[in-house]
Amino acid sequence: MEIKDLLKHSNCNQQNIYTYSVDSLPIPLHEQSISPLLRDKLSFTNLNMANAIGILQSITQFAELRANPKPDDLNYRLKILELKQEIDHRINMSSLEISAISSEMDCEEERTSQIANYLNGRMREKESRLTVSAIVVGALGAILTEGVIKNEKASSAVGITTGLAEATFGVLMLLNDESIEFHHKRNALKDIWYGAEVSQNFPAAVWYFLNYKSSENNIHTSLREQIVEKWTGFGQIHKKSTKDLLDLYFGEGGRYNSEQLENRADMYDQLESTINLMKQDLKALSSALEKI
């Protein structure tokens with residue numbers, strides 16, 4: 001019953017469907033005017049992460065206030081505290097959001113790997129039965145032809161028959177390839193492959209992070225495009241793959257063999273690793289802000 005549930009349903013997401021418009025995405029960093037004060041204190045990576053999570057204006061105000069300290073002014077101190085709390089809150093919430101997405105990718109990878117292992121187990125069991133059958137038939141043929149059956153013609157006939165049976169078991173072992181119906185109505189890989197403007201699988205900050213590129217900053221390929229290049233470069237999927245194969249991986253599911261399931265799990269693993277890079281950038285931003 002458990003395997004049937006895994007095949008049809010996923011518990012990796014608790015109905016978090018993100019709905020936002022293109023206008024809700026952060027304006028690309030290279031299209032904005034950045035305070036010289038921030039450019040001196042924060043790296044491009046820091047600034048882009050701040051822009052992704054929506055605190056660029058807050059840290060601009062914070063840096064400007066810190067550059068002109070008024071320790072005896074109560075309003076100044078309150079404003080500094082308010083901005084710091086706002087920035088820290090947004091960083092913490094963004095960290096939780098990224099962790100949630102990363103956990104979903106990891107969960108989908110594990111779900112797919114479990115099905116692949118189940119299928120491989122069935123194949124190994126079938127191969128074992130075929131191997132034992134081939135050994136038994138071979139041994140029986142050797143016993144019958146070498147002593148039990150005295151008639152030469154009958155012995156030859158038995159030898160041919162058992163030989164054919166052994167060959168048949170050998171062919172069946174070579175053709176031992178199980179497949180199974182596996183469904184995934186929520187499909188994050190689809191958004192990565194086709195590159196929609198917005199995504200129901202990723203929140204706006206993560207989608208901005210995955211899709212950001214700027215020739216001005218020598219980022220000619222977005223992280224999303226890099227993932228696709230890895231998939232195609234390693235032969236996991238091809239841009240000229242058949243429609244049926246593209247529908248299988250990037251649609252709502254279908255009949256997979258074990259190799260395709262393992263490949264799908266690897267694709268989710270690569271996506272999870274890329275999303276985790278955002279946590280590193282977020283930590284770097286938090287550390288940089290402590291020095292302002």
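## A tour of the predicted model

Read along the sequence, the chain runs through the pattern α-α-α-α-α-α-β-α-α-α-α-β-α, which amounts to 11 helices and 2 strands. The model is a predicted one, and the tour begins with the whole chain before turning to single residues.

**Whole chain.** Select the protein chain and show its surface: the accessible area comes to about 16,900 Å², and 52% of that belongs to carbon and sulfur atoms. Of the 292 residues, 39% are buried. If you draw contacts between residues at least 6 apart in sequence, 73% of them join residues at least 24 apart.

**The nonpolar core.** In soluble globular proteins, nonpolar side chains tend to be buried together. Here the largest nonpolar core holds 66 residues, and those with the most contacts inside it are I59, I192, F202, W231, F250 and L271. Helix 5, residues 74-148, supplies the largest share of this core, with 11 residues. Select F202 next and display its surroundings: leaving aside neighbours within four places in sequence, F202 is in contact with Y18, Y20, I101, M105, A188, D191, I192, W207, L210, L271 and I275. Two of these partners, I192 and L271, are themselves among the core residues with the most contacts.

**N51.** Move now to helix 3, residues 44-52, and select N51. Is N51 buried or exposed? Its relative accessible area is 7%, so N51 counts as buried. Which groups does its side chain meet there? The side chain of N51 reaches the backbone oxygen of I27 at 2.7 Å, and it also makes a polar contact with the side chain of Q32 at 2.8 Å. Beyond four places in sequence, the contacts of N51 are P26, I27, P28, L29, Q32, L56 and Y208, so that I27 and Q32 appear both in this list and as polar partners of the N51 side chain.

**Y256.** Finally, go to strand 2, residues 253-257, and select Y256. Because its relative accessibility is 0%, Y256 counts as buried. With residues up to four places away in sequence set aside, Y256 touches L119, E178, S179, I180, F182, H184, L248, Y249, L261 and R264. To one of these, L248, there is a polar link that can be drawn directly, since the side chain of Y256 reaches the backbone oxygen of L248 at 2.7 Å. As a last step, mark the C-alpha atoms of Y256 and H183, which lie 9.6 Å apart in space although the two residues are separated by 73 places in sequence.

Notes. Residues numbered from 1 in each chain as written. Predicted model: local features only at pLDDT ≥ 70, side-chain atom pairs only at ≥ 80, totals over all residues. Heavy atoms only, no water. Helix = DSSP H or I, 4+ residues; strand = E, 2+ residues; numbered from the N terminus. Buried < 20%, exposed > 50% of the residue type's maximum accessible area, 1.4 Å probe, protein only. Polar contact = N/O pair within 3.5 Å; in protein donor to acceptor, adjacent residues only side chain to side chain. Contact = heavy atoms within 4.5 Å. Areas by Shrake-Rupley, 256 points an atom, 1.4 Å probe, with all protein chains shown as cover. Core = buried A, V, L, I, M, F, W, Y, C linked by side-chain atoms within 4.5 Å.
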